[in-house]
Amino acid sequence: METLLHNLALGFSVLANPIVLLYAFGGVLSGVIIGALPGLGPSVGIAVLLPLTYGMDPSAGIILLAGIYYGAMYGGSITAILINTPGDSAAVMTTLDGYPLTLKGQAGKALGMAAYSSVMGGTVSVVAFMLFAPIIASYALAFGSSEYFALMVLGLTSIAGMTGDSPSKGFLAAFIGLFISLIGLDLVTGVQRYVFGNVHLFSGIDFIPVAMGLFGIAEIITDKGDMKLDIDKESLKFRNLFPNKQEWKECLPHIGRGTGLGFFVGMLPGAGATIASFLSYSMAKKISKRGDEFGTGVLEGVAAPESANNAASMGAMVPMLTLGVPGSGSTAIMMGALMMLGITPGPSLFMKEAEVAWSLVASMYIGNVFLLFLGILGLPIFVRVLKVKAPILNSVVLAFILIGAYALENSMFTVGITIFFGVIGYFMKKLKVPAAPMILAIVLGYLTESNLRQALIIADGSFIGVITKPISAVILVIALIMAFGSPIMEMIKKKVAAQ
Amino acid sequence: MKIRMMKLLALMLVSMFIFTACSSPEPEAPAVEEPAEEPTEEPAAEEEVAVEGWVPTEDVEFIIPFGAGGGSDVFARKIVEIISRNNMAPVNFVATNKPGGSGVVGYTYMNGKGESNYIMATTSSSFYSQPLTGNSPLSITEDFEFVAHMAKDPSLFAANADLGFTTLEEMVEYAKANPGDLKYGGTGNVSDDAILMYMVNELAGIELVYVPYDSGADVLAAILGGHIDVCAISPSEGGEHLETGALVPLAVSSDDRVAILPDVPTFTELGFDITHQQSRGVVMNGGTPVEVLDYYSDLFQQVSETEEWQTFLSENVMGDVFYDNEEYVDFNADLTEKYIKFMDMIERNQ
Amino acid sequence: MKLTLKRGNNILGMTGIVGGMIIIALALYQELPFMKKELPGSGFFPILCGIAIAGCGLLILIENKYKAKKALEEGVEDSELDEDLVNKIEIRNFVYTIGISIFVVMATPFIGILLSIGISIVAMIKILGRESITKAIIIGAVTTFILFLIFSVFLGVPLPSSYIGI
């Protein structure tokens with residue numbers, strides 16, 4: 001414990017330098033803005049601002065990049081809540097209850113809860129990171145393809161909770177999403193699947209443009225423009241951004257669970273904030289007394305995914321720093337940045353470059369504080385956005401979406417995909433086909449297939465071999481329970497009541 | 001009220017702007033490690049070229065057919081950085097990512113620019129594998145001109161320490177006794193990783209099973225977790241884990257032993273004719289005039305002779321192999337032949 | 001003939017069935033093997049998806065019929081199924097939004113993305129809103145400038161080239 005405090009002190013000493021603090025703040029600020037912009041997520045932000053770190057002191061550089069990372073996790077929720085356009089994949093779940101809350105005039109509360117959940121999830125995770133990093137990380141490696149497959153299946157079962165009134169429509173959306181995720185070059189054999197020779201489809205259809213179209217553009221089209229948003233100034237006043245006691249009581253457990261789940265999932269190399277937010281949301285829905293109301297504007301539905309995605313971003317740093325194995329796309333880029341700055345993440349990082357590692361940890365504490373301030377102080381500005389008249393707001397958002405889609409891969413093709421899915425999204429809204437299952441399936445589909453096929457190769461073709469591995473089996477059982485548990489419980493309850 | 005909000009917004013934007021402005025000019029920013037040693041050769045060489053032949057007058061677009069953070073990206077940006085820091089060219093080189101289609105999007109984009117003396121792209125393994133597997137509308141020999149070959153990435157064949165192998169021999173013995181048992185992980189399915197495995201299979205008469213992954217990080221996670229038994233990684237990726245002993249290096253595919261791994265034999269030493277490495281070079285569109293190619297080739301030669309480049313190469317464990325535009329053409333012809341054979345080999349085995 | 005939700009659902013269901021079958025057909029056409037060497041081939045998941053999509057389409061048809069029947073039985077006059085899908089305002093929004101977006105994509109190679117987007121903003125405000133032309137142009141110009149700052153200056157994204165160089 002002594003060494004721990006000593007190390008932490010070492011870390012904070014680096015931060016005593018105002019320039020470094022500025023970098024930390026700048027990173028978080030940039031992250032929030034980039035995360036809020038539809039289409040641009042932490043990966044893009046880090047990759048693009050990477051050149052700024054050339055020649056920087058490694059500690060400062062990594063602090064900047066880390067700030068962008070978790071800043072973006074919060075930033076994505078801003079537009080998700082206000083205009084139903086998730087800023088990045090990890091914010092998709094936040095739209096489900098965040099946007100309805102805005103429609104009910106409680107945007108301030110939603111944004112406030114998002115900020116608090118993010119910061120709490122992040123801060124607790126930093127502590128966990130500090131204490132458990134080396135130990136936990138070694139377990140994360142025990143997750144191989146079969147275990148990931150099981151995890152993906154678990155993620156897919158949360159679709160069952162998103163289907164709303166019409167399960168068949170929900171599943172239709174999910175399977176279409178699953179199919180879309182398969183378009184591209186096959187991982188195992190390299191053949192073109194449904195590509196028809198179009199080079200832009202080789203790497204498949206990225207899910208971010210789809211989300212921007214399905215949520216963003218479709219929303220713009222169906223916006224009747226006569227929405228008299230009664231966000232009374234009251235709800236924006238500072239004290240109203242604090243959830244009241246009752247709300248805290250309801251949300252805190254979710255934040256706690258979301259943090260734990262998020263941190264753990266984030267640690268698994270390959271699973272990141274997005275999956276963490278999905279799982280956290282569906283778990284919250286199952287456990288909460290108001291689970292049935294999820295989707296109509298329940299504060300818990302914002303707290304759970306937001307705490308999870310920030311916790312996951314911390315979790316993803318664990319394998320990256322302690323084992324040199326990145327836990328997500330963004331951490332992979334961060335690792336590249338570190339190596340460029342001359343630091344090699346890995347088991348001996350905390351010993352050889354203790355200063356860098358611990359200053360990063362210290363910066364994460366401070367960064368979360370910055371996040372809190374930005375979240376609270378910036379709220380009036382964010383909500384002001386809503387007051388803008390619909391056609392103006394819509395045209396500006398559309399402009400951001402279009403150029404954002406381009407910026408993803410510097411290609412107009414991506415913009416085309418976004419527009420195409422905008423059209424699809426419109427029809428889906430009209431026909432009441434839910435969009436969330438499609439997004440979930442696109443994110444998880446490809447991974448489910450590739451992990452299953454990898455696992456089968458490793459198990460020499462035996463499917464039984466894949467599902468009977470200890471960790472996989474446990475996860476699959478949990479998935480089964482979550483999928484079929486409630487209907488079976490209902491039936492049992494009815495039988496008992498009838499007696 | 002409205003005005004106040006506007007002011008706040010403006011303040012945010014201005015501070016953002018200032019933040020960027022203060023940090024963006026890369027050549028000037030790094031006050032920390034500015035190389036005081038200006039390479040003395042360059043000015044003389046530069047004058048030579050300026051007097052003699054063609055000189056660029058527009059900014060050059062340097063296409064990276066892959067995403068940010070990857071091997072090609074780091075490689076290209078380093079070159080650009082060295083050129084700008086040492087003022088080696090009268091114009092700017094702008095590195096642009098055009099990812100997609102395993103490199104095909106970037107190359108077709110460049111090709112779409114037609115005859116231009118100001119656009120070039122990096123090459124790597126997929127420059128060969130994609131056209132040869134029918135996934136690219138471009139032809140290696142007809143649509144490109146070869147500027148300079150800069151480096152080679154060797155592949156390291158490594159095993160999970162828990163298996164107990166310390167030499168390649170031992171692994172081969174085990175594999176012979178247990179065909180189909182050892183799982184080998186690599187990225188993609190027509191990549192250099194796959195090529196390496198099939199070559200080893202054929203030459204050693206064993207049957208390693210290929211498990212494809214999406215990225216080097218995934219392969220690393222899989223082997224460290226014991227899910228696969230052997231793999232191919234680049235020495236820099238493996239770095240830490242080789243030192244800690246979690247991974248055991250069995251052989252390396254370069255011509256000579258790699259400096260940071262002096263105890264690891266090359267395949268050739270062990271009796272296997274495997275010297276395949278990933279080639280990294282620069283290409284331009286077909287039809288670009290020779291004077292232009294000569295200029296850039298000279299420029300890249302100067303880059304390769306700088307201390308910064310040498311440091312970069314050794315940090316990333318890449319071999320310093322420079323060919324100028326003429327040598328590269330021959331080298332490329334050879335390499336294309338090899339890749340054709342490799343693609344056949346992969347098809348036979350799939 | 002009113003385009004009710006009920007009819008819409010039927011169309012959706014049938015599209016699902018047809019779509020699923022097309023997916024399977026394409027898989028066979030592109031020679032994606034269902035199984036290869038005892039392992040799932042590249043056609044395994046797509047074919048399963050095709051079947052599932054067709055299945056869902058069928059379920060939607062059945063569910064639709066069932067709901068209609070139930071509404072009839074319960075004597076509910078104006079159930080959600082009778083909701084008219086055609087909404088003039090929405091269709092107008094749809095046409096203009098998508099139209100303007102497509103305009104941006106098509107115009108970019110000629111006049112650059114910034115100018116296209118600038119024009120699109122002005123167009124949208126004018127057509128879908130009630131602001132004066134001056135206000136629209138101001139908003140368009142300011143937003144475009146901010147986009148330029150964020151994407152080109154701050155993020156360094158290389159904007160697509162065009163005849164006029166922006």
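Domain bounds, as I use them in these entries, come from an automatic or database domain assignment. I also note at the outset that I am working from a predicted model.

**Chain C, domains.** I looked up the division of chain C and found domain 1 at residues 5-82 and domain 2 at residues 88-154. I then took the separation of the two, and the C-alpha centres of domain 1 of chain C and domain 2 of chain C are 38 Å apart.

**Chain C against chain A.** I turned next to the contact between these chains, to which chain C contributes 51 residues and chain A contributes 49 residues. On the side of chain C that touches chain A, I listed the elements that each supply at least two residues, and these are helix 1 (5-29), strand 2 (39-40), helix 2 (44-73), helix 3 (88-111), helix 4 (113-128) and helix 5 (133-154). Helix 3 of chain C gives the most to that side, with 11 residues. Sorting the residues of this side of chain C by class, I have 34 nonpolar, 14 polar and 3 charged.

**Chain A, one helix pair.** I picked out helix 8 (residues 167-182) and helix 19 (residues 436-458) of chain A, which pack at an angle of about 45 degrees with their axes 7 Å apart. I therefore enter helix 8 of chain A as oblique to helix 19 of chain A. The crossing of helix 8 of chain A with helix 19 of chain A is right-handed. From helix 8 of chain A, the residues that meet helix 19 include Gly170(A), Ala173(A), Ala174(A) and Gly177(A), while those from helix 19 of chain A include Pro437(A), Ala441(A), Gly445(A) and Glu449(A). By class, I have the residues of this contact between helix 8 and helix 19 of chain A as 13 nonpolar, 4 polar and 1 charged.

**Chain B, overall.** I recorded 12 helices and 11 strands for chain B, and buried residues make up 49% of its 350 residues. Taking the contacts in chain B between residues at least 6 apart in sequence, I note that 77% join residues at least 24 apart.

**Chain B, domains.** Domain 1 of chain B is assigned in two segments, 42-153 + 277-349, and domain 2 of chain B covers 156-252. Their C-alpha centres lie 29 Å apart, and 12 residues of domain 1 of chain B are in contact with 10 residues of domain 2 of chain B. On the domain 1 side of this contact in chain B, helix 5 (125-132) and helix 12 (325-349) each supply at least two residues, and helix 12 of chain B gives the most, with 5 residues. I entered that side of domain 1 of chain B as 5 nonpolar, 6 polar and 1 charged residues.

Technical notes. Residues numbered from 1 in each chain as written. Chains lettered and ligands numbered in written order. Predicted model: local features only at pLDDT ≥ 70, side-chain atom pairs only at ≥ 80, totals over all residues. Axes fitted to C-alpha atoms, helices over the stretch in contact; angles between N-to-C directions. Helix = DSSP H or I, 4+ residues; strand = E, 2+ residues; numbered from the N terminus. Parallel < 35°, antiparallel > 145°, perpendicular 65-115°, else oblique. Left-handed = near helix turned anticlockwise from the far one by under 90°. Contact = placed C-beta atoms within 7 Å. Nonpolar A, V, L, I, M, F, W, Y, C, P; charged D, E, K, R; others polar. Buried ≥ 20, exposed ≤ 12 C-beta atoms within 10 Å, placed from the backbone.
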